[in-house]
Amino acid sequence: MKQRTQSDPSFLVVANRLPVDRFTDESGNSCWRTSPGGLVTALEPLMRHKGGAWIGWIGVPDESVDMFQHDGYTVVPVELSEQEVEEYYEGFSNDTLWPLYHDSVAFPSYHREWWDSYRRVNERFAETTARVAGEGATVWVQDYQLQLVPAMLRKLRPDLTIGFFLHIPFPPEELFEQLPWRREIIEGLLGADLVGFQTPSGALNFLRLVRRRTDYPVDRRRVIVDENHSSTARAYPISIDVEGFHALAESDEVKAEAEKLLEELGNPKNVLVGVDRLDYTKGLRQRIRAVGELFEEGKLNLEDTVFLQVATPSREDVEQYRVLRDEIDLLVGRINSEVGEVGRTPIAYQYQSYPRTTMAAMYRIASVMLVTPLRDGMNLVAKEYVACHPGRAGALVLSEFAGAARELNRAYLVNPYDLDGMKETIVRALNDPYPERAKRWRAMQRKVWNNTIDDWARKFLDDLQKVKSEGGLA
Ligand code: ADQ
């Protein structure tokens with residue numbers, strides 16, 4: 001076994017993907033650059049300060065890359081074969097766990113080979129982490145692709161402090177119990193000293209399952225696994241780089257882009273905006289149908305209103321996502337051809353990814369932002385809108401089933417399955433008098449500014465040290 005040294009990383013993040021992308025520079029050299037994202041932005045300073053390491057997959061199958069230094073921390077690539085990408089990632093992670101954890105809004109597929117691959121890949125992540133972590137280091141494991149890592153890692157390295165955060169919802173026991181490997185997943189998570197969820201109901205669902213499916217004593221939020229180890233479950237609602245987004249939206253570049261965008265849309269009085277990854281959990285079908293009906297019924301007017309819907313390409317190798325893309329194309333096409341006129345259509349639909357500046361420009365021009373997922377761990381778009389939209393009276397129509405609805409409870413909340421209710425609320429959000437909109441807006445701004453991504457990371461990591469040293473949380 002390798003001798004550990006002072007310079008071994010003392011803070012490690014383990015996530016399915018690395019926070020870097022490869023590109024080729026002008027001289028033809030292959031280089032790495034940080035891929036934008038809230039988590040990376042929040043954790044990078046800490047990684048640099050503590051001599052950190054990030055362990056993850058580079059995003060390309062069958063490629064072995066040695067660990068390297070990037071921006072002051074160590075990047076440790078974990079290799080995945082093409083078959084593992086199909087079985088562990090597209091299969092078990094995205095076609096079993098993803099739908100199951102999102103209320104089974106699509107049917108989860110259960111395949112034993114996928115599970116075997118999931119276990120194998122989790123083992124590889126745990127072994128890699130165990131190899132590089134310094135003595136007594138803190139390890140933060142991220143998300144549903146790696147739920148077995150905490151227990152596997154604890155077995156290999158009992159000296160480590162291990163945290164886990166789940167970015168998606170944790171389902172109620174009635175759903176979770178379908179999973180043939182439910183016991184293994186619960187045991188996997190219990191390897192962490194602290195298991196973080198987006199909402200209190202996620203933490204409660206997990207604790208209820210532990211009580212039902214294991215014999216471990218549970219003391220409020222704390223599960224006593226053995227005399228040397230206990231695991232605490234608690235909610236830590238994730239957030240965004242609020243200041244960063246706000247400053248970006250106030251920049252001259254974004255202001256100019258927003259004006260140009262408005263012009264391209266025909267300078268309408270009202271712009272409804274939706275921005276989502278193209279995913280069946282995001283409630284796109286229901287939202288587009290609701291807005292389409294409002295145009296058909298004349299409650300939204302083609303003369304002064306446009307609905308801009310952006311869908312980011314996502315998981316294009318998974319069949320369900322290809323089908324969804326075709327369905328949305330068809331639906332938008334039908335509404336535009338039936339309600340639109342030559343040169344003027346109610347829905348401006350874009351299937352593409354945009355830079356942050358364009359996202360901020362869209363948030364600026366949105367008189368009403370539509371965030372109506374059928375189920376969502378948090379939903380950062382909702383918070384980004386509140387951080388970016390200028391003025392004092394933006395309007396957010398938000399699904400009750402997004403984690404964000406707990407903090408943003410002064411949004412115009414909707415049940416996305418109730419099309420009539422959603423239609424009424426959209427019209428209300430558009431037409432409510434200024435004082436009502438402003439009151440709601442102020443309340444939401446307060447919430448967003450009071451919990452930034454830095455607060456989230458700090459709170460989780462502080463609590464992680466606390467549960468490790470004191471055994472629990474007050
Ligand atoms: P996602 O399901 O990806 O995240 P979300 O929280 O909305 O959902 O984050 C999407 C991010 O992608 C946002 O930062 C948004 O700005 C960006 N984005 C969306 N469309 C884009 C486009 N066309 N071009 C460029 N960027 C685009 C998962 C969980 C969520 C949880 C987050 C974080 O499903 O519930 O909030 O992780 O924990």
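Reader: Let's start with the ligand. How far is a polar backbone atom of glycine 377 from an oxygen atom of the ligand?

Author: Keep in mind that this is a predicted model. A pair of N or O atoms is called a polar contact within 3.5 Å. The backbone of glycine 377 meets that cut-off, with one of its polar atoms sitting by a ligand oxygen at 3.0 Å.

Reader: Which residue has a polar side-chain atom 2.6 Å from a nitrogen atom of the ligand?

Author: Backbone atoms reach the ligand too: leucine 380 has a polar one at 2.8 Å from a ligand oxygen. For the nitrogen atom, though, you want a side chain, and the one at 2.6 Å belongs to threonine 312.

Reader: How much of the ligand's accessible area does the protein cover?

Author: Picture the ligand on its own first: its accessible area is then 720 Å². Put the protein back, and the covered share is 82%.

Reader: Okay, who's standing around it? Which helix gives the most to the shell around the ligand?

Author: In total, 21 residues surround the ligand, and His167, Thr312, Tyr354, Asp376 and Glu384 are the closest. Four elements each supply at least two residues of that shell: strand E13 (270-277), strand E14 (305-312), helix H12 (356-365) and helix H13 (380-388). The top contributor, with 3 residues, is H13.

Reader: E13 and E14 are strands, so let's look at their sheet. Which strands are its edges?

Author: This open sheet has 6 strands with parallel pairing, in the order E15-E14-E13-E16-E17-E18. An edge strand here pairs on one side only, and that fits E15 and strand E18 (412-414).

Reader: And what is the average twist from one strand to the next?

Author: Go along the order E15-E14-E13-E16-E17-E18 one strand at a time. From each strand to the next, the twist averages 15°.

Reader: Which residue in E14 stands opposite glycine 274?

Author: E13 and E14 run parallel and are joined by 8 bridges. Across from glycine 274, on the E14 side, you find glutamine 309.

Reader: What angle does H12 make with E13?

Author: H12 packs on this sheet, where it touches E13, E14 and strand E16 (368-371). Its direction and that of E13 make about 140°.

Reader: What about the other side of E14? Which residue in E15 does valine 310 stand opposite?

Author: E14 and E15 run parallel too, with 5 bridges between them. E15 (residues 347-351) is mostly covered, as 4 of its 5 residues are buried. The E15 residue across from valine 310 is glutamine 350.

Reader: Is there another sheet to look at? Which strands are the edges of the one with 10 strands?

Author: That one is an open sheet with mixed pairing, and its order is E5-E6-E4-E1-E7-E8-E9-E12-E11-E10. Pairing on one side only are strand E5 (68-70) and strand E10 (218-219).

Reader: Which residue in E9 is the bridge partner of glycine 163?

Author: Strand E8 (residues 161-165) and strand E9 (residues 194-197) run parallel, joined by 3 bridges. Glycine 163 has as its partner in E9 leucine 194.

Reader: Last one: is threonine 232 buried or exposed?

Author: Threonine 232 belongs to strand E12 (residues 229-235), and helix H7 (residues 200-213) lies across E12 as well as E9, E10 and strand E11 (222-226). Among the residues threonine 232 touches are Leu194, Arg222 and Val467. Under 20% relative accessible area is the cut-off for buried. Threonine 232 has a relative accessibility of 2%, so it counts as buried.

Technical notes
Residues are numbered from 1 along each chain as its sequence is written. This is a predicted model: local features need pLDDT of at least 70, side-chain atom pairs count only at pLDDT 80 or more; totals for chains, interfaces and linings use all residues. Side-chain values use heavy atoms; hydrogens and water are left out. Buried means under 20% relative accessible area, exposed over 50%, partly exposed in between (1.4 Å probe, protein chains only). Contact means heavy atoms within 4.5 Å. Two strands pair if DSSP finds at least two bridges between them. Axes are lines fitted to C-alpha atoms, for helices over the stretch in contact, and angles run from 0 to 180 degrees between N-to-C directions. A residue is near a molecule or strand if one of its heavy atoms lies within 4 Å of it. A polar contact is a pair of N or O atoms within 3.5 Å; within protein, one must be able to donate a hydrogen and the other to accept it, and residues adjacent in sequence count only if both atoms are side-chain atoms. Accessible areas come from the Shrake-Rupley method with a 1.4 Å probe; for residues, only the protein chains shown count as cover. Lists of a residue's contacts leave out its neighbours within four places in sequence.
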